[in-house]
Each structure stands twice: as structure tokens, then as C-alpha cells.
Amino acid sequence: MLQSKVGRKFINFSNPRSFSQARVYPNLPSVAPRPTLNIKHVRENPELYRQTCIDRNYRAQKDNPFKIIELFESWKELQKHGRRLRERNNEIRTKLSHARTFSGRDAEKENEEPETIDSLLEEAKKLKAKITEIEIREGQFTREIECLAADLPNLTSQETPPGNEARVVGYINEHLQPNLFSQDRAWRSHVHLGNEFDLLDFTGAATTTGWGWYYLKNEAALLEQALVQYALSVAMNYGFSIVSPPSIVYSHIAGACGFQPRDQGDEQQSYILQQSEKNQGAGNPQLSLAGTAEVPFASMRANVIMEEKNLPLLVAGSSRCYRAEAGSRGVDTKGLYRVHEFTKVELFAWTRKEDENSIFQRMLNIQKEILRSLGLRCRILEMPSVDLGASAVRKQDIEAFFPSRMEKDNGWGEVTSTSICTDYQTRRLATRVKIAPPNMQSRLDFPSTVNGTALAVPRVIAALLENGWNEKEMSISIPEILGPWMNGINAIKKHRQSF
């Protein structure tokens, strides 16, 4: 059996099944989980993966499946050639082992035997060099195949609309029809309300950090904490354990979860922490600010074998999130809707494949309960293929109504989302589950992951300010459900000087 030590892992090149599950990532740091991609499935379904790339706007990767097949065929040809060389090498070893003398002299064939042994040794030396060269080329092919496969997005659910048009699948608080008047449009903007009621400070944040940052002040700061506590309490009622995750992660962990430094439009997405020359020289892994708690949550079980009886494993937590892209120019860049840093309550689950949809619905139910209780009018969307991230096969968003966004998307803006990622993340993070059917031998498999945003806090604050505005009372109503965390405040009134 030929083995080649590539990327610090032994790969059995003589076994096609081993090749399809090969784990060769030479560019990953030694501390990184070793991915196990299902390359065999890509080879057997190249057109499916190609169409997936086209549908999801991964056009640079659409030819990867066929490149993988081409490289695999070249790899097999190398295998055949290498096998012939090894067979000849074994013949030579057999002849040399039966030689009567290795001194170069033989009593009966003194003039013939030395030449035969010397020629065999010379041929064996050349064969060794050729075999080594083949092993190097095999490793190169394997690395190329792994890189091409890793760049492919997940497959797409049949529930996902193709193209770029989302499908409305439901509403929350549909009876709440907004009363919009042209004269109060300016007042209904959370930017204006935040300034008038001393709730938001964008100018000071711009001086401190830059545009895309903000200060929450007074009742807005209390609202942030109240929303977090309320969302976590609802998640706990649905069986979620509370976890407070780190905000800094290894960049390779973010990549394994489907988050790359740049998106398909080559726009910067992540904040990469600069390393000192000492750390760079020591080969320390690169660090990034987490764009979502989904990343550190998923990595909690990296390199871990889970027990099937412990699934689903449900966690929820609040974290600060960091996004380098803050949107295009226009309404999205004004106020709290699209910012570089924000608080978010995240839901995350590891589950059996057959339970993906039930966990997906459980997260949606959490989001619906929260938004319904907050009195926000929302619509639920089945998101189209172009809006899916690399890891998701299906995603539903919930959009709240923002009076200030009437000129964009008829006032709708995303406040939560939920995604099924199948085994995309667990394969890349080496998260496995031990399956032990009754009276059968146990086996290892990859669990599915499901994630959801319980609340994107700044956007929900913006929606509450705009929809809670009472022009007659010149005040902003606060949802009753948040009362336990608002220190008895049920409305925001203009009664103080700004600081």
C-alpha cells in the first residue's frame, strides 16, 4: 500500500474511497481541525455542484467540480504508473535477496555476476527517485482537489427559491398597519428621534472610531440590555443553554464556518487582527474579530466526538459582532441599520440530520414569539439562493417594518434569520457524532448544525423607536414585555438636557 505523507497526514492513495475522504490542508496551522470533505459526492454529481455555484453567485467556483474530476483522473494515471514501477522495484529486491554474494564476486560466474548486481542496484536507485517524484505529484494533485472542493458552497434546499427574489411565507402582527403621514416622516426616523431624545450619538462615535459606530445613551442603552435579557429568557424556555462566547477567533475557524475575509464581490467582510513580527515568525495562527457568535459556538465542539443521545445540543448567547462592510451608500448607512459593531443574541444547535427541520422551526418560533411580544409588524421570507451564505442550504429571514425605510424595500428591513447548514461546518471542524443503533456496530458521522439570530439588537432598537413614536404625546412607547428590565420606564419622554 502506497502512502504519502502530505500536510502532516498519511493518505492512502491506493484506495479511491480514502482519496474521497482525504484530509489534506497543508496551509492550515497545526492547531486547526482537519477537515474531511465528501469529495466523492462532488465527483459523482459535478453538474449539481456547478449549478449550485451559478444559482448562488459563486461563478468563480462553477468549474471546480469538473477540475476536480480532471485532477482525479490524472491522479489515477499516476497511480497506475507508480504501481508498475513498484512492481518492478519488488522484482529487483527479490533478485537481490537471492543473490549468492553482494561482494561483486562469484566462484562460478566471476565475470558476469558483479555486473548483474551492480545494474540491479543502479536500476533500483533510479526507480526510487521516480517513485518519490510520483508521490510528490500525487500530493500536489490531492492538495489542488482539496482546495477546489473547500471553495464550493453547500448544496441548496428544494425549499429555497432560485435566483434573487425572496418568497413571503407569513406575517407577524399583520393587523398592525402603520399610520404614515408625510409631515411626520422626518420624526419617524430613529436617527432624528435618537438625537431629539438624547438616545444616540453618531457624531461622537465618528470622532472616536469612525462612521459606522455609535453610542447608545440613556433609555436606548437600557433597551439594549433589556432586549438581550428578554431574548435569552425566551431561548431558555425553549431548552437552550446560555453561553457567553469569545469575540476573537482564529481566522481558519471562521473560514471553516463559511466566513471568508472577502465576499464574492471581493468586498472586505472581516476585521483581521494585525500580528506582531514575533508572532508571525513563530507561525502563530491569524486572529479575527467574530462577525457572529455562530463561529465561536460552532467551534466549541471542534475535534470532538459527541454522543447521539446528547443531541440536539442547543446553546444561545449574547455577543458583540464585527462586520467590516457597512453597506452601500444611502439609507442603509444612516443610523443603526447597518453598522460595524453591534450586539446580537445568537441561537445555535448541533443535531441529527433527520431533526434539522424541527430545530429550524424551533428557532423560528423563538423569533416569532419575541417579535410578536415586542409589537413589531414583520414579514417572514424564504430567502433565495443568491442570499445564502456558503454554509447554508436554507435560510429564512424575518423583516420588521421601519417607517424611515419606505423609500427602500417599502419599509422592510431584516432583524432575524435562521439557517440550516447540514454537515458543512462539522466536516470542516472535525465535529463528529457516535451513532450506536441497537444490536449494531457503532459508527461515526457528522452532525448537522442550525443557527439563528434571536435579535440583531441595534436594528430592533431602531424599529422600536420608529414604531413606538407617539406624535400626540410626543413620546416613544416601550413594549410592556421589557418592563422587568427597564427600571419602571414605559415611555421615553424629552425631559432632560443632552450630555
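A charge counts as sitting over a ring if NZ of Lys or CZ of Arg is within 6 Å of the ring centre and within 35 degrees of the ring normal. R301 fits that description: it lies over the face of W350, at 5.9 Å from the ring centre. R43 does it too, with its charged end over the ring of F72, 3.8 Å from the centre.

Before going on, keep in mind that this is a predicted model, where local features need pLDDT of at least 70, side-chain atom pairs count only at pLDDT 80 or more, and totals for chains, interfaces and linings use all residues. Numbering runs from 1 along each chain as its sequence is written, and side-chain values use heavy atoms, with hydrogens and water left out.

Now to rings against rings. Rings of Phe, Tyr and Trp (its six-membered ring) pair if their centres lie within 6.5 Å; planes under 30 degrees apart are stacked, over 60 edge-to-face, and the rest tilted. Searching the whole structure turns up nine aromatic pairs. Take Y337 and F402: the ring centres are 5.7 Å apart and the planes stand at 90°, so this pair is edge-to-face. Y337 lies in the loop between β11 (313-322) and β12 (341-351), and F402 in the loop between β14 (394-401) and β15 (412-420), so the pair ties together parts that are 65 residues apart in sequence. (Strands here are DSSP runs of E, at least two residues; helices are runs of H or I, at least four; both are numbered from the N terminus.) Y337 and F402 are both buried, meaning under 20% relative accessible area, against over 50% for exposed and in between for partly exposed (1.4 Å probe, protein chains only).

F401 and W412 make another edge-to-face pair, 5.9 Å centre to centre with 80° between the planes. F401 sits in strand β14 and W412 in strand β15, so this contact ties together parts 11 residues apart in sequence. Both F401 and W412 are buried, and Y171 joins them in one aromatic cluster.

Over to the strands β19, β20 and β21, which form an open antiparallel sheet in that order. Two strands pair if DSSP finds at least two bridges between them. β19 (469-470) and β21 (491-493) are the edge strands, each pairing on one side only. Strand β20 (residues 475-477) pairs with β21 over three bridges, and S477 has A491 in β21 as its bridge partner.
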